[in-house]
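Welcome to this short tour! Please open your viewer, switch to a cartoon display and get ready to select a few places one after another.

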Amino acid sequence: MKNWMKALARRYEETRRQNPRQKLLVIFDIDGTILDMRYMMLYVLQLFDREHGTRYFENLDVEELNIHENQLETFLVARGLSDEARETLMKWYEKNRWAPSAVMQSHRPFRGVLEVIRWFQIQPETYVALNTGRPEFLRADTLRSLNALAGEFRVDFKSELLFMNPSNWEHDIVLSKVAGIRHFESEGFKVVAFIDNEPANLKAVADADPEQNILLLHADTLFESHPRHVPAHSVSGKDYDLVSLIGEESLPKHVQFVWQGVNDIPNLRQFLASNITWGEMDLRMDPEGRDLILRHDDFYEFPHGEDESLSYFEPFLASFEKGGKSLQIDFKEGGPCVDRAIDLLEKVAIPEERLCFKGNLHHLEERGIRLLSAAFARAGEEVLGPLGRLGRESLRLELGPGEKARNPRADPSLGISRRHRGSPGPGSLPASDFILARCHRLGFQLSSVVLLWPRGGGGAELSV
Ligand SMILES: [Mg+2]
């Protein structure tokens, strides 16, 4: 069976080749295509229990809800609810399933679908439209709830790219789907593909497009109409797999972990024993301003404790060099701190490709940046200005499981950050989004992301 995301990728490329300057559009249905309606059902059923003091759905698992949202009654029969209970429940369900609170709280996207949408949204002259059987009066709620889900993927759904059923609920849906496609064509879009879970909708669009200009994709989730309606030339699929869509070659090839906070002996030991190549040290001058030391916090806010032993940069640098490690220096101060660091770095034999600098513009100042770039022209470099990034586009990922992520210093060994060295240009953006989305799903807290343009080579150590 053909992979539907690969089919979509091929069709998109082909359409772009044939229409180099036209606005391209990929059209998605919402319910059962972007949103997994089983979560809506679960939410509404359990809300019923809560509001009525019943326990019909106490231990219900979402996996058990293997029915279309319009066929709930069949499910209730199978669950052994009495006629009377079913009637009360169905009335309540119909009344409440589209209540704004349910729409906001119960809707969940299928895994991967928002990454796919994001990928299209950031391609040049490419748009994603929604074509739904939901009636017009749900426009504001629909946009609000979808955008709430989409925010973390930086997906944005706009009203002008949302076509809703002009008739009432469950009326003329197939006609409305065709009308939606016609509407977007009349707005000057070239429709690349239409994705829907209902076979009847796909059939209606197929009938209206005998030339088969539009690729039809069947989201093989839960649907109501008969599968025989799935047009022969459509491609079915379940998984929104970005890798199939954009191809392995477009994914980040140079993803690397950076071990943060290699500022003390225990961390240095763990880091040297690990298979992680990049380690980050926080560099500043000691309280007397004589020597370079490793310390995240400044002495003004966190004074030097009586029992605090200082870690000196020079022996740590030697360990990095001996261990074949790469070094990222976070300059916490400029001026003499930069001068001294350059002197010491020039003494050791760490190749420039294995050096990377980072610092706040306030600390480094123009002088510090110029000195570093002149001394190490091939090293990666990143400067954070007061309002964000200066110079290269950059993002920073700070990863740490659960609670620890909020206070990485509580356990620096968990405060590993990940650096993605992608290629400059639009191609690397989806790659970083991909990492973001993946990390988020893995349960990591993300504070920021750094994306450094590569200088020179560097291979993948770990892929996400
Ligand atoms: Mg649908």
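Which residue in strand 4 is the bridge partner of Leu24? Select Leu24 and look across to strand 4: the partner is Lys190. Keep in mind as you go that this model is predicted.

Now widen the selection to residues 23-28, which form strand 1, and residues 189-196, which form strand 4. These two strands run parallel and are joined by 6 bridges.

Next, show the whole sheet around them. It is an open sheet of 6 strands, paired in parallel, and its order reads 3-2-1-4-5-6. Go to the edges, where you will find strand 3 (162-165) and strand 6 (235-237). Each has a single partner strand, so one side of each is left without a neighbour in the sheet. Turn the view to follow the twist, which averages 25 degrees from one strand to the next.

Select residues 113-121 for helix 6, which lies across strand 1 and strand 2 (126-135). Helix 6 runs at about 130 degrees to strand 2.

Our next stop is a loop. Pick Asn168, between strand 3 and helix 8 (173-186). Is Asn168 buried or exposed? Asn168 is exposed, because its count of other C-beta atoms within 10 Å is 10, and a residue with 12 or fewer counts as exposed. Add Pro135 to the selection: Pro135 and Asn168 are 33 residues apart along the chain, yet their C-alpha atoms are separated by 5.8 Å.

Finally, zoom out to the full protein, with its 15 helices and 16 strands. Of its 464 residues, 40% are buried.

Notes. Residues are numbered from 1 along each chain as its sequence is written. This is a predicted model: local features need pLDDT of at least 70, side-chain atom pairs count only at pLDDT 80 or more; totals for chains, interfaces and linings use all residues. Two strands pair if DSSP finds at least two bridges between them. Helices (H or I, at least four residues) and strands (E, at least two) are DSSP runs, numbered from the N terminus. Axes are lines fitted to C-alpha atoms, for helices over the stretch in contact, and angles run from 0 to 180 degrees between N-to-C directions. Two residues are in contact if their C-beta atoms, placed from the backbone, lie within 7 Å. A residue is buried if 20 or more other C-beta atoms lie within 10 Å of its own, exposed if 12 or fewer, and partly exposed in between; C-beta atoms are placed from the backbone.
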